[in-house]
Amino acid sequence: MTAFEPKHVGSLFRRRSNYGVWKGKAVRDDTLYIERRGKVMVITSIEFYAPFSVCLDKSFSFEGDAMIDEEHLRFGNVFVKKSTVTLEEPIKVKELYPLSGKGLDKVESTIKLLYPEEEELEFVISSSRKLAELGSTRELYEGLCSLVGRGRGLTPSGDDMVSGFLSVYNAASTYAGRRKLCISSKALEKTNSFGRSMIYYSQSLQLDKKALKLVTSLLEGDLSLTLEAVLELSKRGHSSGLDYSVGALSACRHILSMWEVVKREERTE
Amino acid sequence: MVSREEVEQANKKATERMMESEPMWVDVVRADEALRLKEKTLLHAGPPVRWEDASGPLRGALIGASIYEGWAKDEVEATKALSRGEITFEPTHHHACVGPMAGVISPSMYLFAVRDRKNTLEAFSNMNEGIGKVLRYGAFDKDVITRLKWLEEVFAPVLKSTVRRIVKEKKGLNVKQLISKALTMGDECHNRYIATTSLFVREIARYAVEVSGKKEASQVLRFLEENNFATLNLGMAAAKCMALAAHGIEMSTIVTVMSRNGTESGIWVSSLGERWFTFKAPVPRGLFFPGYSQEDANPDIGDSAITETAGFGGFAMAAAPAITSWVGGSVEQAIEITKKMYEITFTEHRYFQIPYLEFRGTPCGIDIRKVLKTGVTPIINTGIAHKKAGVGQIGAGTVEFPFEPFKDAFKTYLENYR
């Protein structure tokens with residue numbers, strides 16, 4: 001593998017401009033260097049790939065598709081350089097008092113304002129509304145499975161939504177002593193290794209800092225923290241962070257309408 | 001809560017007004033007559049700043065202007081008066097005014113007056129002194145003051161008579177057309193004004209000779225011949241007019257001011273009034289005059305980012321490959337910068353076009369939502385001032401506007417439109 005240093009990344013990054021997620025993401029967050037065919041291809045937000053750091057920390061071999069050596073992970077022909085980022089402590093919700101009503105509407109409006117593409121937005125919002133309304137666990141599971149691998153991007157929009165949904169749903173389930181929902185390995189085969197990895201760690205509630213902030217603030221009903229988290233997540237990928245947020249919101253709506261244990265008072269501030 | 005469609009409509013309205021604005025150079029006016037300044041008040045570039053926080057070049061320019069006005073006889077006296085608040089200073093933008101670098105404007109200075117008849121707006125900018133040791137870069141020695149006096153006593157009166165003749169004949173000089181032409185001739189109209197100034201001379205030379213004495217006309221034309229940046233300030237006043245036309249549109253997320261005072265960089269957003277969103281100004285990187293280096297550079301300063309706000313300058317870098325010899329970088333990077341700016345703008349300019357990009361319109365109307373979404377911030381071409389007062393210009397380069405003002409502006413926007 002060709003050695004590289006961060007100083008090389010800028011120029012190589014600039015040359016790279018052919019597709020959404022790969023483009024323009026080396027901006028503010030800590031960075032991750034990705035190599036392909038022996039060359040540095042792109043740097044991107046480290047948190048976006050936080051699940052990969054778990055692979056490093058736990059020496060986890062991912063479905064035979066990822067190879068770990070001292071410095072790199074490999075996903076197919078994409079190499080990921082080792083980073084020092086670790087995931088946050090397992091999620092702990094202090095109280096289950098989800099954001100509801102107008103609060104959720106405001107967060108959704110903010111997401112709509114920031115969303116990059118009108119057509120995708122329609123798909124994402126309509127899918128999230130459907131998810132929220134699915135009554136039985138079986139229907140919900142099938143609904144989630146149908147979204148896996150749907151849409152464009154390094155992590156398809158559907159995967160981001162499923163990840164957001166499961167993060168919130170399973171965090172709430174843990175608090176309420178309910179069964180968690182997990183997508184089967186077979187269903188995960190519909191998507192790529194990036195999407196698989198993200199859904200896997202999201203449903204296991206192993207989240208990075210920004211996702212954690214969103215899930216906790218949503219479930220504890222803190223509107224301003226939720227908005228803050230959405231703004232932070234918005235820079236992730238082409239629409240990845242926003243898709244994740246839409247999924248999380250959808251889970252919140254689902255819990256509010258289907259579970260009885262949740263307090264239903266409106267919290268808008 | 002405001003809907004996406006409403007914001008899109010508002011932004012369309014704002015950018016339409018920005019693009020359709022028709023700034024015409026119509027007059028040369030004294031600052032004290034045009035701006036109704038309070039007694040012993042100076043104007044400066046960027047967001048408001050206190051004397052104790054002001055950077056070297058801004059302090060230098062304020063000192064120089066105080067000496068030029070006769071309010072102080074030297075640096076010591078001026079510093080005392082400024083630090084005690086006996087001489088006050090306010091942002092140019094609060095007076096529909098713009099000035100490059102320190103942007104200091106004093107009552108006796110003459111200004112370009114630009115009028116947008118479509119939107120009934122007026123904007124002003126001071127006269128450009130050239131490059132190197134000049135007031136706008138914080139220099140204030142005898143030569144600087146002498147040049148300012150010459151601008152006041154010779155240059156401005158000739159231009160005033162000239163423009164009045166032009167107004168009689170064709171209602172003024174259309175600055176948008178001038179910029180539009182220059183963008184197809186290798187200028188980006190922030191840090192390269194060679195074509196613009198040449199076109200300007202072509203437009204005014206005959207009138208200048210007709211309305212003034214041979215000696216004065218010759219001096220003025222000579223000055224224009226030697227100062228490629230002579231039309232920078234006129235271009236900035238036009239850009240301010242365009243940005244003003246886009247300002248004050250309810251629900252719009254379009255940026256209408258980007259400016260820096262050497263300490264902080266700040267923005268205004270169309271729907272958020274004259275509220276500044278600021279953050280520490282970054283230090284530009286670029287090429288330096290012999291004897292100076294990056295270490296001497298002051299943080300970013302000047303109102304000239306109004307050009308990028310209006311859709312040219314750094315946003316039109318792809319139109320000006322030769323600029324890389326002045327600000328550094330490669331032609332490829334210049335093109336990439338323009339392409340990158342499309343990611344954070346609402347539309348493409350109808351009148352400002354880039355030949356190399358198949359006459360694609362320049363990126364126009366910075367949308368705070370897109371800055372927030374992409375994490376990409378505007379890239380600005382700029383001159384570089386020495387961090388110490390009194391030295392002047394030491395180079396030119398580019399600088400990335402900080403991200404935080406956009407984030408703060410969007411948060412405020414959400415609060416306002418919840």
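Contact here means heavy atoms within 4.5 Å. With that in hand, let's walk through this predicted model, starting where chain A and chain B meet. Going by that cut-off, 31 residues of chain A and 27 residues of chain B take part in the contact. The size of an interface is often given as the accessible area lost when the parts come together. For chain A and chain B that buried area comes to about 2,200 Å², with carbon and sulfur atoms giving 56% of it.

What about the polar side of things? Three salt bridges turn up across the interface of chain A and chain B. One of them links B:Lys407 to A:Glu228, with 3.7 Å between the closest N and O atoms. Seven residue pairs are in polar contact across this interface, both partners at pLDDT 80 or more. On the chain A side, the elements giving two or more residues are helices H1 (6-15), H3 (101-114), H4 (118-133) and H10 (223-233). H3(A) makes the largest contribution there, with six residues. By type, the chain A side splits into 11 nonpolar, seven polar and 13 charged residues.

Now step inside chain B. The axes of helix H5 (residues 142-170) and helix H8 (residues 214-226) come within 10 Å of each other and cross at roughly 100 degrees. Angles of 65 to 115 degrees count as roughly perpendicular, so that is how H5(B) and H8(B) sit relative to each other. Which residues of the two helices meet? From H5(B) come B:Trp150, B:Leu151, B:Val154, B:Phe155, B:Val158 and B:Leu159, and from H8(B) come B:Glu216, B:Gln219, B:Val220, B:Phe223 and B:Leu224. Nine residues of this helix contact are nonpolar, one is polar and one is charged.

Key
Residues numbered from 1 in each chain as written. Chains lettered and ligands numbered in written order. Predicted model: local features only at pLDDT ≥ 70, side-chain atom pairs only at ≥ 80, totals over all residues. Heavy atoms only, no water. Buried area = accessible area lost by both parts, 1.4 Å probe. Salt bridge = Lys/Arg side-chain N within 4 Å of Asp/Glu carboxyl O. Polar contact = N/O pair within 3.5 Å; in protein donor to acceptor, adjacent residues only side chain to side chain. Helix = DSSP H or I, 4+ residues; strand = E, 2+ residues; numbered from the N terminus. Nonpolar A, V, L, I, M, F, W, Y, C, P; charged D, E, K, R; others polar. Axes fitted to C-alpha atoms, helices over the stretch in contact; angles between N-to-C directions. Parallel < 35°, antiparallel > 145°, perpendicular 65-115°, else oblique.
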